[in-house]
Structure formats: structure tokens, C-alpha cells
Amino acid sequence: SSGINAEYGEGSPSVRPVIEKVEPFNGTSVRVIWSMPDTGETIGEWNVEYRAEGDKKSFKSVSVDRGDGNTPTIISVIGDLEEAKMYDFRMFCRNERGRGPSSIGVQAATLETAPSASPRNVRN
């Protein structure tokens with residue numbers, strides 16, 4: 001490899017994270033299960049991007065922790081989502097030279113939570 005990532009700039013990461021699965025965690029959060037091929041490249045930051053399905057706005061981006069770097073599979077919880085809604089997720093990494101390519105996108109929905117109290121004033 002020449003170290004040149006023509007699409008994103010010289011010296012930026014050429015590798016893409018792999019989202020293995022996105023699963024509901026609760027009504028407003030999902031668990032992103034991901035891995036990163038070891039290419040020996042220096043990576044400074046890992047990001048999960050998301051937006052509501054069908055939303056044409058730009059993706060929101062959240063920096064996530066890779067932990068100790070020795071675990072092949074990483075679990076990151078992404079919160080502040082809307083309840084019972086489908087989202088599109090993807091990931092990328094960056095270093096001091098720029099961002100790398102995005103992972104393949106994955107869709108997942110948040111859970112619908114049960115009401116906190118029984119219905120009142122129900123009539124038959």
C-alpha cells in the first residue's frame with residue numbers, strides 16, 4: 001500500500017470499520033457491535049454516524065472508544081435516539097490526516113417502551 005487514500009486524502013486511513021450488528025438496547029439507545037481490521041495504521045478516532053431512516057439531513061456523528069485495542073469485537077452504545085424508530089448506522093475512523101471511508105451501512109430500530117402506568121378512564 002502506498003499510504004495514499006485518493007478519496008479522502010494522503011495519509012488518511014484506508015481501512016473501514018466493520019459493523020457486525022446493531023441491536024436495540026432500550027427505547028432510546030442501540031448497541032453497535034463492530035470490529036476493525038488490523039492494518040497497522042495509526043487511528044486517532046472512531047466514529048458512529050446515524051440518522052433516522054428516510055431522513056435526508058446529514059448524519060450525526062458520535063466518537064466511540066475502542067477500549068484497550070486488544071479486543072477484536074467492540075460494543076458501543078449510542079443513545080439520545082427516538083423511541084420505536086428505524087435508523088441508518090455507519091462508521092468511519094480518522095487520524096491527524098483526515099477521515100477514512102465509511103463502513104457498509106446497517107439499519108436497526110430502537111425499542112418501543114411500555115407505558116409507565118396503567119391506562120386510566122378506560123370505558124367499555
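How many bridges join strand 3 to strand 4, and which way do the two run? Let me start there. There are 7 bridges, and strand 3 and strand 4, the latter being residues 29-35, run antiparallel. One pair to look for on the screen is Ile19, which stands opposite Trp34 in strand 4. Keep in mind that this is a predicted model.

Okay, stepping back for a moment. The protein has 10 strands and 0 helices, so to speak a β list from the N terminus onward. Of its 124 residues, 33% count as buried.

Back to that first sheet. Strand 4 also pairs with strand 7, through 5 bridges, and again the two run antiparallel. Trp34 turns up here too: its bridge partner in strand 7 is Ile74. Put together, you get an open sheet of 3 strands in the order 3-4-7, with antiparallel pairing. Strand 3, residues 18-26, and strand 7, residues 74-78, are at the edges with a single partner strand each, so each has one side left without a neighbour in the sheet. On average, neighbouring strands of this sheet are turned by 25 degrees against each other, direction ignored.

While we're on strand 7, have a look at its two faces. Ile74, Ser76 and Ile78 make up the covered face, while Ile75 and Val77 make up the uncovered one.

Now over to strand 5, residues 45-52. That strand is mostly covered, with 6 of its 8 residues buried. Strand 5 has antiparallel pairings to two strands I want to show. With strand 8 there are 8 bridges, and Asn47 has Phe92 as its bridge partner there. With strand 6, residues 60-64, there are 5 bridges, and Glu49 stands opposite Ser61.

What about the inside? The largest nonpolar core has 20 residues, and Val32, Trp34 and Phe89 are the ones with the most contacts inside it. Strands 3, 4, 5, 7 and 8 each supply at least two residues of this core. So that's Trp34 once more, with a bridge to Ile74 and a place among the best-connected core residues.

Next, the pocket. The largest one holds about 190 Å³ of space. Its lining includes Tyr50, Arg51 and Ala52, along with Asp80, Leu81, Glu82, Lys85 and Tyr87. Which strand gives the most to that lining? Strand 5 does, with 3 residues. As for character, the lining divides into 7 charged residues, 4 nonpolar and 1 polar.

Last stop is the loop between strand 7 and strand 8, which is where you'll find Asp80. Strand 8 is residues 86-95, by the way. Asp80 has a phi near 60 degrees, a positive value in a residue other than glycine. Is Asp80 buried or exposed? Exposed, with a relative accessible area of 77%. Asp80 is also one of the residues lining the largest pocket.

Ala84 lies in that loop between strand 7 and strand 8 as well. Its phi is positive too, about 50 degrees, although Ala84 is not a glycine. At 46% relative accessibility, Ala84 counts as partly exposed.

That's my tour, thanks.

Key:
Residues numbered from 1 in each chain as written. Predicted model: local features only at pLDDT ≥ 70, side-chain atom pairs only at ≥ 80, totals over all residues. Heavy atoms only, no water. Pairing = 2+ DSSP bridges. Helix = DSSP H or I, 4+ residues; strand = E, 2+ residues; numbered from the N terminus. Axes fitted to C-alpha atoms, helices over the stretch in contact; angles between N-to-C directions. Buried < 20%, exposed > 50% of the residue type's maximum accessible area, 1.4 Å probe, protein only. 1 Å grid on protein atoms, 1.4 Å probe; cavity = no way out; pocket = protein on both sides within 12 Å on 5 of 7 lines; lining within 4 Å. Points joined across faces, edges and corners; volume = space filled by probe spheres on them. Nonpolar A, V, L, I, M, F, W, Y, C, P; charged D, E, K, R; others polar. Core = buried A, V, L, I, M, F, W, Y, C linked by side-chain atoms within 4.5 Å.
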